[in-house]
Amino acid sequence: MKTVLQIVLWIAAIGFGYLIYQSVNAPIEFAKVKEERFQKVINSLKDIRNAQEAYKLSKGSYARDFKTLINFIDTGKYVITQQRDTSYLEFDKNFGIDMLTERKIIDTLDFVSVKDSLFKKDSRYKTLMNVPGAPNGEKFNMTAKRIEKSGYKVAVFEASTPKEVVLYDQPKDLVAREKSHVNVEEVNGPTIKVGSLEEVSTNGNWPPIYDKKARK
């Protein structure tokens, strides 16, 4: 009985030791996985933002769906212009004399492909709708519309994905804690998103650290 009791105590000690190790190590491993996956998702959201800003510059509003946005990247062009001042003498009928007139002239210099400008030789824009690493091929949610601000109708858009899609295989308690973050050093809220449907903003809800790392 003494031997059996010793074996049971050893097993219990090992089990408790493992639980203690997991309680300390799990959040560390979770943080590593989270940061790596969030970075990939945020890189994609930045691509969506850049493409949407190009679309708005050309069309005056944001694309409502990815099919429209990707087609625009494939075929759209930026207009490169140059503004210059000019002045000349022009006869003024009211005063009966020649008076100096100043004008601004905008010259069209060239047209540049949106695809080449934003993505160069990279074809990643064709899968812009896909959430990186999503287990079941989940897509980003994207909406665009016009809202009223200060008496004007302005274009807005938002693209997002739930954090639980990105952290699908992580401990549920840590994911729940992550979704409740309200901290300037964290991605706040239950989603990772860029843009807003309530405010005129194309910012993301991530901290600056994710903007400092170069795309791999």
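## Lys46 and its contacts

A polar contact is a pair of N or O atoms within 3.5 Å; within protein, one of the two must be able to donate a hydrogen and the other to accept it. With that in hand, take a look at Lys46, which sits in helix 1. Keep in mind as you go that this is a predicted model.

What does the side chain of Lys46 reach at 3.1 Å? The backbone oxygen of Tyr210 is what the Lys46 side chain reaches at that distance. There's also a polar contact from the side chain of Lys46 to the side chain of Asp211, at 3.0 Å. And is Lys46 buried or exposed? Its relative accessibility is 16%, so Lys46 counts as buried, given that buried means under 20%.

## How confident is the prediction?

Across the protein, pLDDT averages 86, and 81% of the residues score at least 70. Confidence isn't even along the way, though. Strand 1, residues 77–92, has the lowest confidence, with a mean of 71, while strand 5 has the highest, at 98.

## The three-stranded sheet

Strand 5 is also part of an open sheet of three strands, lined up in the order 3-4-5 with antiparallel pairing. At the edges you'll find strand 3 (141–149) and strand 5 (191–195), each pairing on one side only. On average, neighbouring strands of this sheet are turned by 25° against each other, direction ignored.

Now zoom in on strand 3 and its partner, strand 4, which covers residues 152–162. How many bridges join strand 3 and strand 4? Nine bridges, in the antiparallel sense. For one particular residue, try Asn141: its bridge partner in strand 4 is Ser160.

## Aromatic pairs

Rings count as a pair here if their centres lie within 6.5 Å, and by this rule there are three aromatic pairs. One of them brings together Tyr62 and Phe157: the ring centres are 4.9 Å apart and the planes sit at 50°, so this pair is tilted. Tyr62 is in the loop between helix 1 (2–59) and helix 2 (66–75), and Phe157 is in strand 4, so the pair ties together parts that are 95 residues apart in sequence. As for accessibility, Tyr62 counts as buried at 11%, and Phe157 counts as buried at 0%.

Phe119 and Tyr125 form an aromatic pair too, and a tilted one, with 5.6 Å from centre to centre and 40° between the planes. Phe119 has a relative accessibility of 4% and counts as buried; Tyr125, at 3%, counts as buried as well.

## The two sides of helix 5

Helix 5 spans residues 172–179, and its residues Leu174, Val175 and Glu178 are buried. Why do these residues end up on the same side of helix 5? Because they cover an arc of only 100° around the axis. Swing round to the other side of helix 5 and you'll meet Lys172 and Asp173, which are exposed.

## A glycine in a loop

Finally, where is Gly137? Look in the loop between helix 3 (114–119) and strand 3. Gly137 counts as partly exposed because its relative accessibility is 43%, and partly exposed covers the range between under 20% and over 50%. Along the sequence, Gly137 and Val165 are 28 residues apart, and in space they are 9.9 Å apart, C-alpha to C-alpha.

How values were computed: Residues numbered from 1 in each chain as written. Predicted model: local features only at pLDDT ≥ 70, side-chain atom pairs only at ≥ 80, totals over all residues. Heavy atoms only, no water. Pairing = 2+ DSSP bridges. Helix = DSSP H or I, 4+ residues; strand = E, 2+ residues; numbered from the N terminus. Axes fitted to C-alpha atoms, helices over the stretch in contact; angles between N-to-C directions. pLDDT = per-residue confidence, 0-100. Buried < 20%, exposed > 50% of the residue type's maximum accessible area, 1.4 Å probe, protein only. Phe/Tyr/Trp six-rings, centres within 6.5 Å; stacked < 30°, edge-to-face > 60°. Arc of directions from axis to C-beta.
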